[in-house]
Amino acid sequence: MPDTNSIAQQFTGLPIKALIGAPLMAAAEANGQMALEQVNFMLNSCFKGSAGTGGTNGKDVAAAGYEPIMITLKLTQNVIDTKTMQNKPITSTIEVPLLALIPLNSLAVDNVNVNFNMEVKSSSSEDKNSSDETDSKASGTFSGGANYGIFSVHVSGSISASSIHKSSDDKHYEKSQTATYDISVHAGQLPLPPGVTTIIQAYANNISPIQISTGDSK
Amino acid sequence: MMVSLLCPACRAANILIEPMSLMQGSGFNCPTCKAQIKMGEESVPVYQKCMQEFDVLAQKISR
């Protein structure tokens with residue numbers, strides 16, 4: 001018979017903490033690494049060090065601050081001339097921070113599923129079959145006769161016996177253990193952190209067109 | 001992936017910009033005032049370099 005204690009013992013000693021905690025810790029570390037990479041990208045590619053620092057890395061730059069790299073965009077608007085009542089395109093230039101034109105996304109692990117299933121099965125069965133059948137066989141014949149004058153006697157006989165003994169004993173014991181450990185990690189795009197969003201929004205809100213002083217655009 | 005930029009002309013709507021098309025000289029219109037923005041030629045190399053670095057970062061992260 002399966003011992004329930006022994007089945008329960010199968011679960012003791014399992015490193016549940018490691019099984020569940022390790023993937024979560026790995027996901028958190030991956031998130032941190034990804035965030036760091038993105039911050040480095042923003043600081044190195046979208047900003048330049050302040051004038052005189054001569055670079056984008058180092059304590060000097062951090063102390064002096066970062067200056068955004070600006071991109072020049074041409075803005076074309078249709079304006080109606082009040083004198084001629086004609087539609088006239090006017091081209092202006094605006095400077096937009098490079099940061100505002102990069103499809104930045106906050107890529108991070110947003111879903112971690114840890115599924116741990118363990119199944120211990122134990123079953124036993126015992127079949128005993130026993131049958132006794134006696135069928136003994138033995139055979140013999142005899143015959144005899146006698147004559148007494150006009151009388152005659154004849155005697156004959158037979159005897160038989162057989163014996164069969166059957167016995168079967170079946171024992172069946174089955175034990176199976178199943179353990180599955182599934183970890184699914186999904187990395188998706190999260191909304192930009194409020195700090196980055198605020199910076200981009202501040203830059204975007206301060207875009208002011210500057211009209212080009214060329215001949216035909218006036 | 002699109003980038004949205006507040007329209008500098010009317011400030012009433014966002015202009016949706018596709019970075020690669022912007023880099024190639026395409027113009028994008030404001031849905032409200034129909035103003036169009038294009039990238040200045042002098043900024044193309046800077047933007048191109050940054051987008052290349054961004055692609056490297058995206059590939060690195062996706063690995």
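**Entry 1. Chain B, overall**

I began with chain B and counted two helices and four strands. Reading along the sequence, I noted the order β-β-α-β-β-α. The model I am working from is predicted, and I treat every value below as computed from it. Of the 63 residues in chain B, 40% are buried. I then looked up sequence separation: among contacts in chain B with a separation of 6 or more, 17% join residues 24 or more positions apart.

**Entry 2. Two loops of chain B**

I checked two residues with positive phi in this chain. B:R11 sits in the loop that links β1 (3–6) to β2 of chain B. Its phi is positive, about 55°, although B:R11 is not a glycine. B:R11 counts as partly exposed because its relative accessibility is 37%.

B:K34 lies in the loop between β3 (28–29) and β4 of chain B. I read a positive phi of about 65° for B:K34, again not a glycine. With a relative accessible area of 53%, B:K34 is exposed, since the exposed class begins over 50%.

**Entry 3. Salt bridges**

I searched the whole structure and found one salt bridge over all chains. Which residues form it? B:E53 pairs with B:K49, and their closest N and O atoms are 3.0 Å apart. Both B:E53 and B:K49 belong to helix α2 of chain B, where four residues, about one turn of the helix, separate them. B:E53 is partly exposed, as its relative accessible area is 28%. Across the interface of chain A and chain B, I recorded zero salt bridges under the rule.

**Entry 4. The interface of chains A and B**

I next listed the contacts between the chains: 31 residues of chain A meet 27 residues of chain B. The area buried between the two chains is about 2600 Å², and carbon and sulfur atoms account for 71% of that area. On the chain A side, the residues that lose the most area to chain B are A:K74, A:L101 and A:P103, which together make up 22% of what that side buries.

For polar contacts, I counted six residue pairs between chain A and chain B, with both residues at pLDDT 80 or more. On the side of chain A that touches chain B, the elements giving two or more residues are α2, β3, β4 and α4 of chain A. Strand β3(A) gives the largest share of that side, seven residues. I sorted the residues of that side by type and obtained 19 nonpolar, 10 polar and two charged.

**Entry 5. B:S43 at the interface**

I looked at B:S43, which is located in the loop between β4 and α2 of chain B. Is B:S43 buried or exposed? B:S43 counts as buried because its relative accessibility is 4%, under the 20% limit. Outside its neighbours within four places in sequence, B:S43 contacts A:I71 and A:T72. A polar atom of the B:S43 side chain lies 2.8 Å from the backbone nitrogen of A:T72.

**Entry 6. The largest nonpolar core**

How many residues does the largest nonpolar core have? I found 41, and those with the most contacts inside the core are A:F41, A:L73, A:L101, A:I102, B:L5 and B:Y47. At least two residues of this core come from each of α2 (16–45), β3 (70–80), β4 (87–97) and α4 (194–205) of chain A, and likewise from each of β2 (14–17), α1 (19–23), β4 (36–39) and α2 (44–62) of chain B. Helix α2(B) supplies the largest share, seven residues. In soluble globular proteins, nonpolar side chains tend to be buried together.

I followed B:L5 through this core. Not counting residues up to four places away in sequence, B:L5 touches A:L73, A:V96, A:A100, A:L101 and A:I207 in chain A, and B:A13, B:N14, B:I15, B:I17 and B:I37 in chain B. Among these partners, A:L101 also appears with the residues that lose the most area to chain B.

**Entry 7. A:Y66 in chain A**

My last check concerned A:Y66, which belongs to strand β2 (residues 66–68) of chain A. A:Y66 is partly exposed, as its relative accessible area is 30%. Its C-alpha atom is separated by 5.9 Å from that of A:F47, and the two residues are 19 residues apart along the chain.

Technical notes: Residues are numbered from 1 along each chain as its sequence is written. Chains are lettered from A and ligands numbered from 1 in the order in which they are written. This is a predicted model: local features need pLDDT of at least 70, side-chain atom pairs count only at pLDDT 80 or more; totals for chains, interfaces and linings use all residues. Side-chain values use heavy atoms; hydrogens and water are left out. A nonpolar core is a set of buried Ala, Val, Leu, Ile, Met, Phe, Trp, Tyr and Cys residues joined through side-chain atoms within 4.5 Å. Buried means under 20% relative accessible area, exposed over 50%, partly exposed in between (1.4 Å probe, protein chains only). Contact means heavy atoms within 4.5 Å. Buried area is the accessible area (1.4 Å probe) that two parts lose on being put together, summed over both. A salt bridge is a side-chain nitrogen of Lys or Arg within 4 Å of a carboxyl oxygen of Asp or Glu. A polar contact is a pair of N or O atoms within 3.5 Å; within protein, one must be able to donate a hydrogen and the other to accept it, and residues adjacent in sequence count only if both atoms are side-chain atoms. Ala, Val, Leu, Ile, Met, Phe, Trp, Tyr, Cys and Pro count as nonpolar, Asp, Glu, Lys and Arg as charged, and the others, Gly among them, as polar.
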